[in-house]
Amino acid sequence: MTQTPPAPLPFAKVPADTYAAAFSATCEPTETRRGVLLTGTCPRCGDRMDYLVPTGVFLVFPGGSGPRPTPVMCTCRAEHPGRPDDDEGCGAYWTVELTGLAS
Ligand SMILES: [Zn+2]
Ligand SMILES: [Zn+2]
């Protein structure tokens, strides 16, 4: 038996409802001066990634403390064939909801 190495996951823009929950399970939010840095594992390709949510995002929702739908995309640095030069990650994207973060 010969072991074939796993082929790299091709780049594809794919949203999926399951990504948000899977990412949230691994995600660690860190508040920084520039915004909230989400660090976790991409639910599609399994690579480490982080995504900076600018604090300004929260300023457009004054007065509330409810969930803020925030788009997140994979930003891993692994190889994914077919990825455009001006893109990053494996193409997966999803929406997370951030709560309780003061601006
Ligand atoms: Zn990846
Ligand atoms: Zn990915």
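1. Strands here are DSSP runs of E with at least two residues, and they are numbered from the N terminus. On that basis Thr 70 lies in strand S4. The model under review is predicted.

2. Thr 70 has a relative accessibility of 3% and therefore counts as buried, the cut-off being under 20%. Beyond its neighbours within four places in sequence, Thr 70 is in contact with Val 53, Trp 94, Thr 95, Val 96 and Leu 98.

3. Overall, the chain has two helices and five strands. Their order along the sequence is α-β-β-β-α-β-β. Of the 103 residues in the chain, 28% are buried. Among contacts with a separation of 6 or more, 56% are between residues 24 or more positions apart. The chain has an accessible surface of about 6800 Å², and carbon and sulfur atoms contribute 55% of this.

4. Which residues supply the protein donors of the zinc ion (ligand 1)? They are Cys 45 through SG, Asp 47 through OD, Cys 76 through SG and His 80 through NE2, at 2.0 to 2.3 Å from the ion. The sequence spacing of these donor residues is C-x1-D-x28-C-x3-H. Two of the donors, Cys 45 and Cys 76, come from distant parts of the chain, 31 residues apart. Cys 45 sits in the loop between strand S2 (35–41) and strand S3 (48–54), and Cys 76 in the loop between strand S4 (68–73) and strand S5 (93–98).

5. Why is the arrangement around the zinc ion (ligand 1) called tetrahedral? The angles subtended by the four donor atoms run from 94 to 120°, and four donors count as tetrahedral because all angles lie between 85 and 135 degrees. For reference, the ideal angle for four tetrahedral donors is 109.5 degrees.

6. Are the two cysteines buried or exposed? Cys 45 is buried, with a relative accessible area of 18%. Cys 76 is also buried, at 2% relative accessibility. The value for Cys 45 should be read against the cut-off of under 20%.

7. Cys 45 has a further role in the metal site: this residue bridges the zinc ion (ligand 1) and the zinc ion (ligand 2). The two ions lie 3.7 Å apart.

8. The salt-bridge count comes to one. The side chains of Asp 87 and Lys 13 form this contact, with an N to O distance of 3.2 Å. The pair links distant parts of the chain, 74 residues apart: Asp 87 is in the loop between S4 and S5, whereas Lys 13 is in the segment before helix H1 (17–26).

Methods:
Residues are numbered from 1 along each chain as its sequence is written. Chains are lettered from A and ligands numbered from 1 in the order in which they are written. This is a predicted model: local features need pLDDT of at least 70, side-chain atom pairs count only at pLDDT 80 or more; totals for chains, interfaces and linings use all residues. Side-chain values use heavy atoms; hydrogens and water are left out. Donors are N, O and S atoms within 2.8 Å of the metal (3.2 Å for Na, K and Ca); water is not among the atoms, so sites may look incomplete. Four donors count as tetrahedral if all angles lie between 85 and 135 degrees; four count as square planar and six as octahedral if opposite donors are over 155 degrees apart and all others between 65 and 115; anything else is irregular. Helices (H or I, at least four residues) and strands (E, at least two) are DSSP runs, numbered from the N terminus. Buried means under 20% relative accessible area, exposed over 50%, partly exposed in between (1.4 Å probe, protein chains only). Contact means heavy atoms within 4.5 Å. Accessible areas come from the Shrake-Rupley method with a 1.4 Å probe; for residues, only the protein chains shown count as cover. A salt bridge is a side-chain nitrogen of Lys or Arg within 4 Å of a carboxyl oxygen of Asp or Glu.
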